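Work through the exercises below with the sequence and the model open. Each task is followed by a solution in steps.

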Amino acid sequence: MPLHSQRKLPLNATRTAYRTLQGWALGTLIEQGAVSECEHHGHRSDRADPDAWNRAREEAWRTAFPGATPEACMAALEEIRFSIGESCPDCRSD
Ligand SMILES: [Zn+2]
């Protein structure tokens with residue numbers, strides 16, 4: 001998996017801009033490369049990279065969303081994992 005597939009990271013929107021736990025969790029997953037955004041449709045998809053998911057979980061545990069427990073942060077990551085597929089639904093239907 002080429003590293004440049006991560007080039008669309010929202011570098012200026014990280015850390016401080018998240019207003020919700022869900023937004024923060026998604027940002028953490030994208031940042032760590034566990035989740036990617038389709039550059040054509042903007043849909044999020046699971047990159048099915050166990051190392052990236054482990055990094056995201058560690059990061060979520062260490063730097064929990066302000067006001068949320070680490071447990072709640074981990075749950076938010078898992079919630080996203082169950083809510084997205086492994087590929088963009090619009091790309092798939094082309
Ligand atoms: Zn797509």
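Relative accessible area sorts residues into three classes: buried is under 20%, exposed is over 50%, and partly exposed lies in between. The model used here is predicted.

**Exercise 1.** Classify Arg44 by its relative accessible area, then find its salt-bridge partner and classify that residue too.

Solution. Step 1: Arg44 has a relative accessible area of 36%, so Arg44 is partly exposed. Step 2: the side chain of Arg44 forms a salt bridge with that of Glu37, with N and O 2.9 Å apart. Step 3: Glu37 has a value of 29% and is therefore partly exposed.

**Exercise 2.** Identify the protein donors of the zinc ion and assign the geometry of the site.

Solution. Step 1: the donors are Cys38 (SG), His41 (ND1), Cys88 (SG) and Cys91 (SG), at 1.9 to 2.4 Å from the zinc ion. Step 2: four donors count as tetrahedral if all angles lie between 85 and 135 degrees. Step 3: the angles among the 4 donor atoms are 103 to 115 degrees, and the site is tetrahedral. For reference, the ideal angle for four tetrahedral donors is 109.5 degrees.

**Exercise 3.** Write the sequence spacing of the zinc donor residues and place Cys38 and Cys91 in the secondary structure.

Solution. Step 1: the spacing is C-x2-H-x46-C-x2-C. Step 2: Cys38 sits in the loop between β1 (35-37) and β2 (44-46), while Cys91 belongs to helix α4 (residues 89-92). Step 3: the two are 53 residues apart, and the pair links distant parts of the chain. Step 4: Cys38, at 10% relative accessibility, is buried, whereas Cys91, at 34%, is partly exposed.

**Exercise 4.** Compare the accessibility of the salt-bridge partners Arg62 and Glu59.

Solution. Step 1: the closest N and O atoms of Arg62 and Glu59 are 3.1 Å apart. Step 2: both residues lie in helix α2 (residues 50-62), 3 residues apart, about one turn of the helix. Step 3: Arg62 is exposed at 58%, but Glu59 is buried at 14%.

**Exercise 5.** Which residues are linked with Glu78 in a network of salt bridges?

Solution. Step 1: the side chains of Glu78 and Arg81 meet in a salt bridge of 2.9 Å, N to O. Step 2: these two residues are 3 apart in helix α3, about one turn of the helix. Step 3: the network comprises Arg57, Glu78 and Arg81. Step 4: Glu78 is partly exposed at 21%, and Arg81 is partly exposed at 32%.

Terms used. Residues numbered from 1 in each chain as written. Predicted model: local features only at pLDDT ≥ 70, side-chain atom pairs only at ≥ 80, totals over all residues. Heavy atoms only, no water. Donors = N, O, S within 2.8 Å, 3.2 Å for Na, K, Ca; no water. Tetrahedral: all angles 85-135°; square planar, octahedral: opposite > 155°, others 65-115°. Helix = DSSP H or I, 4+ residues; strand = E, 2+ residues; numbered from the N terminus. Buried < 20%, exposed > 50% of the residue type's maximum accessible area, 1.4 Å probe, protein only. Salt bridge = Lys/Arg side-chain N within 4 Å of Asp/Glu carboxyl O.
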